[in-house]
Protein chains: 2
Amino acid sequence: MEDTSYLISDIASHTGLSIDVIRYYEKIGVLPPISRKENGHRIYSRSDLERIMFVTHLKRTQMPLKDIEQYVRFYNEGQYDQCYNVLKEHKHYIETKLAEMTESLERMNYKLENYQQIIQTSMITEENTNE
Amino acid sequence: MEDTSYLISDIASHTGLSIDVIRYYEKIGVLPPISRKENGHRIYSRSDLERIMFVTHLKRTQMPLKDIEQYVRFYNEGQYDQCYNVLKEHKHYIETKLAEMTESLERMNYKLENYQQIIQTSMITEENTNE
DNA sequence: GCTTGACCTGAACTATGGATCAGGTTGTAG
DNA sequence: CTACAACCTGATCCATAGTTCAGGTCAAGC
């Protein structure tokens, strides 16, 4: 095992989260409790970093902080079957969103074509008006 | 042209928005201003309904109310080239999200497999413990 | 003629997800 | 030895997106 360790600033630069947000997330239980150095500074292990990377991934895919907190709690308690359930539900959410987004993209393309026509037409009209 | 008309409650049931939200959206400019009956009640046309359906679609795909408001304003002012720009930017947003979601789905599947293994293993361990 | 239900307005309240600030402690560098 | 950076806690503040409430109008049915 490597005993690589990280400061909160390292975690910030790895995840793109601000230092304030990292502390906030730990406070509300979205990140696991982190051990401290003698002076009280947080000291992160490699596995802490990996957990945090996964959490930021969950957040990017719109999982509410409440649900993430639940997931992290289950994990801390070793209730992996519950972790499984939470992720499975989130998977369904993502699938639904994915379908919605795909449909939306089509609509957007259709609308954009419409606007292109409208814009073209109105340009011709302006030309005529100027004659 | 059909002169079908709708009450706010009809709009609510067609869109899934609450009546309060519909009024709120109109107030902040996310929906166009709607004409009234003599008694002050909103009276929606077919084209109002269609615009509102499109707006709810934009909202479902995470467009911020501010941006929707901008889009609706441009449309009201007949600035269709600006409408085009707003939608095009949103299209890029959707494409990005789509890619993110797709990747996320893969990760989720991977994690779920992991958990399945962990759960299986721990069940066997429990069995052994009970011997 | 009065009650009931759908609508109206404006204002206050709520929840979520942070950001920012005040005030304090280390620890290394000049 | 002092100043500067990086961290700490707790508290307050902010934006977004609504929800709820108080008080009022109007039309239809009993």
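This note covers the symmetry of the two protein chains, their contact, the surfaces near the DNA strands and one helix packing in each chain.

1. Basis. This is a predicted model; local features need pLDDT of at least 70, side-chain atom pairs count only at pLDDT 80 or more, and totals for chains, interfaces and linings use all residues. Residues are numbered from 1 along each chain as its sequence is written, while chains are lettered from A and ligands numbered from 1 in the order in which they are written.

2. Symmetry. Chain A superposes on chain B by a rotation of 180° with 0.0 Å of shift along the axis, at an RMSD of 0.1 Å. The two copies are thus related as by a two-fold rotation axis. The fit is by least squares on the C-alpha atoms of residues with pLDDT of at least 70 in both copies. Within chain A, the residue closest to the rotation axis is A:Leu98, with its C-alpha at 3.1 Å. Both copies use the same surface: 100% of the contact residues of chain A recur in chain B.

3. The contact between chains. Chain A gives 29 residues and chain B gives 29 residues. Two residues are in contact if their C-beta atoms, placed from the backbone, lie within 7 Å. On the side of chain A, helix H3 (46-60) and helix H5 (80-129) each give two or more residues. H5(A) gives the most, with 26 residues. Helices (H or I, at least four residues) and strands (E, at least two) are DSSP runs, numbered from the N terminus. By class, this side of chain A has 13 nonpolar, seven polar and nine charged residues. Ala, Val, Leu, Ile, Met, Phe, Trp, Tyr, Cys and Pro count as nonpolar, Asp, Glu, Lys and Arg as charged, and the others, Gly among them, as polar.

4. DNA strand C. This strand is surrounded by 18 residues, the closest being A:Asp20, A:Pro64, A:Leu65, B:Ser9 and B:Arg42. A residue is near a strand or molecule if its C-beta atom, placed from the backbone, lies within 6 Å of it. Both chains take part: helices H2 (19-27) and H4 (65-76) of chain A, and H1 and H2 (19-27) of chain B, each supply at least two residues. H2(A) gives the most, with three residues. The classes are seven nonpolar, five polar and six charged.

5. DNA strand D. Here too 18 residues lie around the strand, and A:Leu7, A:Ser9, A:Arg42, B:Asp20 and B:Leu65 come nearest. Two or more residues each come from H1 (8-15) and H2 of chain A, and from H2 and H4 (65-76) of chain B. H2(B) gives the most, with three residues. The surface near strand D has seven nonpolar, five polar and six charged residues.

6. H1 against H3 in chain A. The axes of H1(A) and H3(A) lie 10 Å apart, at an angle of about 40°. That makes H1(A) oblique to H3(A). Angles under 35 degrees count as roughly parallel, over 145 as roughly antiparallel, 65 to 115 as roughly perpendicular and the rest as oblique. Axes are lines fitted to C-alpha atoms, for helices over the stretch in contact, and angles run from 0 to 180 degrees between N-to-C directions. A:Ile11, A:His14 and A:Thr15 of H1(A) meet A:Leu49, A:Ile52, A:Met53 and A:Thr56 of H3(A). This contact has four nonpolar, three polar and no charged residues.

7. H1 against H3 in chain B. The axes of H1(B) (residues 8-15) and H3(B) (residues 46-60) come within 10 Å and cross at roughly 40°. H1(B) and H3(B) are therefore oblique to each other. B:Ile11, B:His14 and B:Thr15 of H1(B) touch B:Leu49, B:Ile52, B:Met53 and B:Thr56 of H3(B).
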